[in-house]
Each structure stands twice: as C-alpha cells, then as structure tokens.
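Me: Could you walk me through the labels people put on a model like this one? I'd like to see each label checked against its cut-off.

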Amino acid sequence: MENKTPIYPVVRWGISQAPTHQIGLIRLAYFTAPGQTDDQASESPIYGFSPEQLRTLADALNQAADELQAAVPPPGRRN
C-alpha cells in the first residue's frame, strides 16, 4: 500500500536566536507543488527550541544523514 502522506521539499531555512528568552528560532521554506521556484516557496511558522532541544535535533539530523549516506551504493553498483 502506497503512503499518501505528502512530502514538502525544504529549499532553505533560517535560524536565529531570541537570547532574552533563551530559545533558538527556526523557519523553513518549502515547495508545495512541482515546478515551483525559490521565490514561490511557502514559509513555515517560526518554531522555538530550547538549547537542549536544538542539540537533540542536531544529533538526530546528523544520525539521519549518516544513515542515508551509508545506504547509498558505491558508484557503478545497483541494488
């Protein structure tokens, strides 16, 4: 059975801080339809993270990237 959950490719992001509140801020820009250009990208709400959440997110993103990279077959070889 095919997964019907839509996937929105992220094309850029912005990261800043609100030091007086001790939070990091992240906003994503993403495509919602094929053929869109960067200037047509939608923007997410601004998400706030504690310093610990930012570290945990960074670790999770690095782990996902490592796993994806390890799954790529060497050049010239197909699965």
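What follows is a short back-and-forth on those labels.

Reply: Ground rules before we start: this is a predicted model, so local features need pLDDT of at least 70 and side-chain atom pairs count only at pLDDT 80 or more, while totals for chains, interfaces and linings use all residues. Residues are numbered from 1 along each chain as its sequence is written, and side-chain values use heavy atoms, with hydrogens and water left out.

Me: How do you know how many helices and strands the protein has?

Reply: They're DSSP runs, numbered from the N terminus: a helix is H or I over at least four residues, a strand is E over at least two. That gives one helix and four strands, in the order β-β-β-β-α from the N terminus.

Me: What makes the protein more spread out than a compact globule?

Reply: The radius of gyration is taken over C-alpha atoms, and the globule rule is 2.2 Å times the number of residues to the power 0.38. For 79 residues the rule gives 12 Å, but the protein comes out at 17 Å, well over that, so it is more spread out than a compact globule. The C-alpha atoms fill a box of roughly 50 × 30 × 25 Å along the principal axes.

Me: Why is Gln36 called buried?

Reply: Buried means under 20% relative accessible area, exposed means over 50%, and partly exposed is in between (1.4 Å probe, protein chains only). Gln36 has 18%, so it counts as buried. Buried residues make up 11% of the 79 in the protein.

Me: And what makes Gln22 exposed, and Thr37 partly exposed?

Reply: Gln22 has 54%, so it is exposed. Thr37, at 37%, is therefore partly exposed. Gln22 sits in the loop between strand 1 (10-18) and strand 2 (23-30), whereas Thr37 is in the loop between strand 2 and strand 3.

Me: What is the phi of Gln22?

Reply: About 55°, so positive, although Gln22 is not a glycine. Most residues other than glycine have a negative phi.

Me: How do you know that Gln36 reaches the backbone nitrogen of Ala33?

Reply: A polar contact is a pair of N or O atoms within 3.5 Å; within protein, one must be able to donate a hydrogen and the other to accept it, and residues adjacent in sequence count only if both atoms are side-chain atoms. The Gln36 side chain reaches that Ala33 nitrogen at 3.0 Å. Gln36 is placed in the loop between strand 2 and strand 3 (42-43).
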